[in-house]
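Visitor: I'd like a walk through this model, with the criteria behind each label spelled out. Can we put it on the screen?

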Amino acid sequence: MTKLEIEERIIEVIKTVYDPEIPVNIYDLGLIYRIDVDDEGKVEIDMTLTAPNCPAADFIMEDVRMKVANVTGVTEAQVNLVFEPEWDKEMMTEEAKMELGFM
């Protein structure tokens with residue numbers, strides 16, 4: 001499996017992760033800033049939250065880590081919580097904006 005195929009599969013599984021309070025997956029919300037897959041299959045993901053004090057932060061991050069770690073070709077998954085740049089609703093996909101009534 002190529003790094004691109006692994007990345008595509010990672011995006012697919014991340015799209016199954018939801019903030020319990022928002023009916024849109026975290027990828028379409030724009031919360032995933034970076035996905036890096038190295039040649040050994042180690043994955044590092046930078047993600048943020050819609051609010052720094054999100055009560056579901058640990059649950060969401062662990063859900064991402066566990067799902068990504070189970071992707072074929074991934075040997076290790078690390079999820080970093082970052083707040084730079086600060087999340088903004090403009091980072092959402094068009095579909096997410098429509099779903100949440102921002103259009």
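Visitor: Why is D46 called buried or exposed here, whichever it is?

Guide: D46 has a relative accessible area of 15%. Buried means under 20% relative accessible area, exposed over 50%, and partly exposed in between, using a 1.4 Å probe and protein chains only. So D46 counts as buried.

Visitor: What should I know about where the values come from?

Guide: This is a predicted model, so local features need pLDDT of at least 70 and side-chain atom pairs count only at pLDDT 80 or more, while totals for chains, interfaces and linings use all residues. Residues are numbered from 1 along each chain as its sequence is written, and side-chain values use heavy atoms, with hydrogens and water left out.

Visitor: What makes R34 and D46 a salt bridge?

Guide: The rule asks for a side-chain nitrogen of Lys or Arg within 4 Å of a carboxyl oxygen of Asp or Glu. For R34 and D46 the N to O distance is 3.0 Å, and the pair passes. R34 lies in strand β1 and D46 in strand β2, so the pair ties together parts that are twelve residues apart in sequence. R34 also stands opposite D46 in β2. As for exposure, R34 comes out at 30% relative accessibility, so the label is partly exposed.

Visitor: How many salt bridges does that rule give?

Guide: Nine. Among them is K67 with D63, at 3.6 Å from N to O. Both residues lie in helix α2, four residues apart, or about one turn of the helix. D63 is at 17%, so D63 is buried, whereas K67, at 27%, is partly exposed.

Visitor: Which residue does E94 meet in a salt bridge?

Guide: The partner is K97, with 3.9 Å between N and O. E94 and K97 are three residues apart in helix α3 (residues 94-99), so about one helical turn separates them. At 44% relative accessibility E94 is partly exposed, while K97, at 10%, is buried. Elsewhere, salt bridges with shared partners join R34, D36, E44 and D46 into one network.

Visitor: How do you know that β1 and β2 pair?

Guide: Two strands pair if DSSP finds at least two bridges between them. Strands β1 (residues 32-37) and β2 (residues 42-47) have five bridges, in the antiparallel sense. One of the bridge partnerships is I32 with M47 in β2. The strand and helix names are DSSP runs numbered from the N terminus: helices are H or I with at least four residues, strands E with at least two.

Visitor: What sits between those two strands?

Guide: Four residues separate β1 and β2 in a hairpin, and G41 in the turn has a positive phi of about 90°.

Visitor: Which sense, parallel or antiparallel, do β2 and β3 have?

Guide: Parallel: six bridges join β2 to β3 (residues 76-81). In β3, V79 is the bridge partner of I45.

Visitor: What makes the sheet mixed, and what is its strand order?

Guide: The order is β1-β2-β3 in an open sheet of three strands. The β1-β2 pair is antiparallel and the β2-β3 pair is parallel, hence the mixed pairing. β1 and β3 are the edge strands, each pairing on one side only. The twist averages 15° from one strand to the next. Such angles run from 0 to 180 degrees between N-to-C directions, with axes fitted to C-alpha atoms, for helices over the stretch in contact.

Visitor: Where do the helices α1 and α2 lie?

Guide: α1 lies across β1 and β2 and runs at about 145° to β1. α2 packs on the sheet, touching β2 and β3, and its direction makes about 155° with that of β3. Contact means heavy atoms within 4.5 Å.

Visitor: Why is the β-α-β unit called right-handed?

Guide: A crossover is right-handed if, with the strands pointing away from the viewer, the path from the first strand over the helix to the second runs clockwise. β2, α2 (residues 57-69) and β3 make a unit of that hand.

Visitor: What about M1, is that residue buried or exposed?

Guide: M1 reaches 61% relative accessible area, so the label is exposed. Leaving out residues up to four places away in sequence, M1 touches I6 and T72.
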